[in-house]
Amino acid sequence: MAATEPSTAAVKAAAAKYRDVRVAVAEGYQTDGMCTDARMLGFNASEGGMGLHYVRKDLIGIQPRAQGRRVAGTKIHTDFLRPSMLVYEPQRHGGLKLVAVENLVFQSAWKAAGHAKPPTFHGRPYVLLKDNPATKVDEAHGFEPHYELHVWAFRHNPSGMFKEFNPAVTCRFNKPAAKHK
């Protein structure tokens, strides 16, 4: 662990204000309304869900998306005290519950900065997601190859604090058309 990495308790404290999704939206986080679960990305459904992602596009340098192209970004952002993504679980009665924070770094930007290995947090390497054209699912969910790491600071994850999916999270109550603004 690098000396400058915050504790997971500090990450949770810094993100606590985002329990109210209106605070996240006011600070520039946006969602496409798609709730992500393991099945969508070609994994066993029993692994659970990620949830509904709210993204600060400016922090990761997301560029306007040309038709037919994947989402790409140019910036490197790994500060979990100011995460590039907030992850919410849609609730039965329409609300959203903050379950995790996440950082995403596009592989091309990371390599262009001279890095050979994935970014890490507390010794855990970020997970590389990239689409496998031989499968029916889009493992990178419309993004260029990227590294990502979740910190399940607001929902216990029986699979581990930094795992991609949480079996305690579901997308069952998502209402995609509303985009949860």
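Which side chain has a polar atom 3.3 Å from the backbone nitrogen of Arg39? That side chain belongs to Asp37. The model you have here is a predicted one, and Asp37 is a good place to start reading it.

## Asp37 and its surroundings

Asp37 sits in strand β1. With a relative accessibility of 15%, Asp37 counts as buried, because the cut-off for buried is under 20%. Its side chain also offers a polar atom 3.0 Å from the backbone nitrogen of Met40. In addition, Asp37 forms a salt bridge with Arg39, with 3.4 Å between the closest N and O atoms. The partner sits differently: Arg39 counts as exposed, at 52% relative accessibility.

Looking further along the chain, Gly48 is eleven residues from Asp37 in sequence, and their C-alpha atoms are 6.0 Å apart in space. Leaving aside neighbours within four places in sequence, the residues in contact with Asp37 are Gly48, Gly49, Met50, Phe165 and Cys171. That last name leads to the disulfide.

## The disulfide

A disulfide is a covalent bond between the sulfur atoms of two cysteines. A search of the whole structure turns up one. Its partners are Cys35 and Cys171, with sulfur atoms 2.1 Å apart. The pair links distant parts of the chain: Cys35 belongs to strand β1 (residues 35-37), while Cys171 falls in the segment after β8 (146-151), 136 residues apart.

The torsion about the S-S bond of Cys35 and Cys171 is about -75°, so this disulfide is left-handed. Are its two cysteines buried or exposed? Cys35 is buried, at a relative accessible area of 6%, and Cys171 is buried too, at 15%.

## Strand β2 and its partners

Strand β2 covers residues 49-55, and seven of its seven residues are buried, so the strand is largely enclosed by the rest of the structure. Strands β1 and β2 run antiparallel and are joined by three bridges. Here Cys35 appears again, standing opposite Leu52 in β2.

Strand β2 also pairs with β3 (residues 85-90): these two run antiparallel, joined by four bridges. Within this pairing, Val55 stands opposite Met85 in β3.

## Glu102, a buried acid

Glu102 lies in strand β4 (residues 96-106). This residue is buried yet has no salt bridge, and Arg70, the nearest side chain of opposite charge, is 14 Å away. What Glu102 does have is a polar contact of 3.0 Å between its side chain and that of His150.

Setting aside neighbours within four places in sequence, Glu102 is in contact with a set of residues including His53, Phe80, Met85, Val87, Glu148 and His150. Met85 is the residue that stands opposite Val55.

## Other salt bridges

How many salt bridges does a search of the whole structure find? The search finds six, and the Asp37 and Arg39 pair described above is one of them. In another, the side chains of Glu27 and Lys17 meet at 3.1 Å, N to O. Glu27 lies in the loop between α2 (21-26) and β1, and Lys17 in the loop between α1 (8-15) and α2, so this pair ties together parts that are ten residues apart in sequence. Glu27 counts as partly exposed at 30% relative accessibility, as does Lys17 at 43%.

Arg70 has its own partner, Asp131, in a salt bridge of 3.0 Å, N to O. This pair links distant parts of the chain, with Arg70 in the loop between α3 (57-60) and β3 and Asp131 in the loop between β7 (127-129) and β8, 61 residues apart. Arg70 is partly exposed at 25% relative accessibility, and Asp131 is partly exposed at 28%.

Conventions: Residues numbered from 1 in each chain as written. Predicted model: local features only at pLDDT ≥ 70, side-chain atom pairs only at ≥ 80, totals over all residues. Heavy atoms only, no water. Disulfide = S-S within 2.5 Å. Buried < 20%, exposed > 50% of the residue type's maximum accessible area, 1.4 Å probe, protein only. Pairing = 2+ DSSP bridges. Lys, Arg positive; Asp, Glu negative; His and termini not counted. Salt bridge = Lys/Arg side-chain N within 4 Å of Asp/Glu carboxyl O. Polar contact = N/O pair within 3.5 Å; in protein donor to acceptor, adjacent residues only side chain to side chain. Contact = heavy atoms within 4.5 Å.
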